[in-house]
Amino acid sequence: MNSIRERIQRTCLDTLKKALTPVPVWRYPTAPINREASPALLLMTESDVVLARVNDRVERALSIRLVAITRGRDAFEQADRLAVAAHTALMRDANVGGLAYALLEIDAEWDAEDADAGAVALPLRYEVRYRTHIHDLTRDGSVL
């Protein structure tokens, strides 16, 4: 069985794919997103930090980054609409299918690149808080 961390990432990916169709959603793309593939949304995990240990439970904070990639004259508006749709989809299920106890918005940044047909990248960061058993990353630590 996969870790709760992996299941959280897959649940977020599935949620975003369903909500944003026909816009492609990629998890850790291995190649740059070309012009023809945008707009697109990227999902990347930044870190998974242990917040606390109590008896045989571990409280964790999984940091995920979404990046809305758009190009063209209205790239900023496209990126904003994509970010709004992604945010709405994630927040609709703030316990990530029962795997987490909190989904928190952290921040957003704007980055424009004139060299590539007016490319805009809008990174959004979220923190997913969840618990595991201290000896088993596949076991939910919320259940005693």
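Colleague: Which residue in the hairpin of S2 and S3 takes a positive phi?

Modeller: Asn-55 does, with phi near 55°. The hairpin has two residues between its strands. Note that this is a predicted model.

Colleague: What makes S2 and S3 a pair?

Modeller: Two strands pair if DSSP finds at least two bridges between them. S2 (residues 40-54) and S3 are joined over 13 bridges in the antiparallel sense, so the pairing criterion is met. Across this pair, Leu-42 stands opposite Val-67 in S3.

Colleague: How do you know that S3 also pairs with S6?

Modeller: By the same criterion of at least two bridges: 14 bridges join S3 to S6 (residues 119-133), therefore the two strands count as paired. They run antiparallel. Arg-60 has Tyr-130 in S6 as its bridge partner.

Colleague: Why is S3 called mostly covered?

Modeller: Because a residue is buried when its relative accessible area is under 20%, and 13 of the 14 residues of S3 (residues 57-70) are buried. For the protein chain, buried residues make up 41% of 144.

Colleague: What pattern does the protein chain follow along the sequence?

Modeller: The pattern is α-β-β-β-α-β-β-β-β, with two helices and seven strands in total. The C-alpha atoms fill a box of roughly 55 × 25 × 25 Å along the principal axes.

Colleague: How many charged side chains are there of each sign, and how far apart are the centres of the two sets?

Modeller: The protein chain has 19 positive and 21 negative side chains, with the two centres 7 Å apart.

Notes: Residues numbered from 1 in each chain as written. Predicted model: local features only at pLDDT ≥ 70, side-chain atom pairs only at ≥ 80, totals over all residues. Heavy atoms only, no water. Buried < 20%, exposed > 50% of the residue type's maximum accessible area, 1.4 Å probe, protein only. Helix = DSSP H or I, 4+ residues; strand = E, 2+ residues; numbered from the N terminus. Lys, Arg positive; Asp, Glu negative; His and termini not counted. Charge placed at Lys NZ, Arg CZ, Asp CG, Glu CD.
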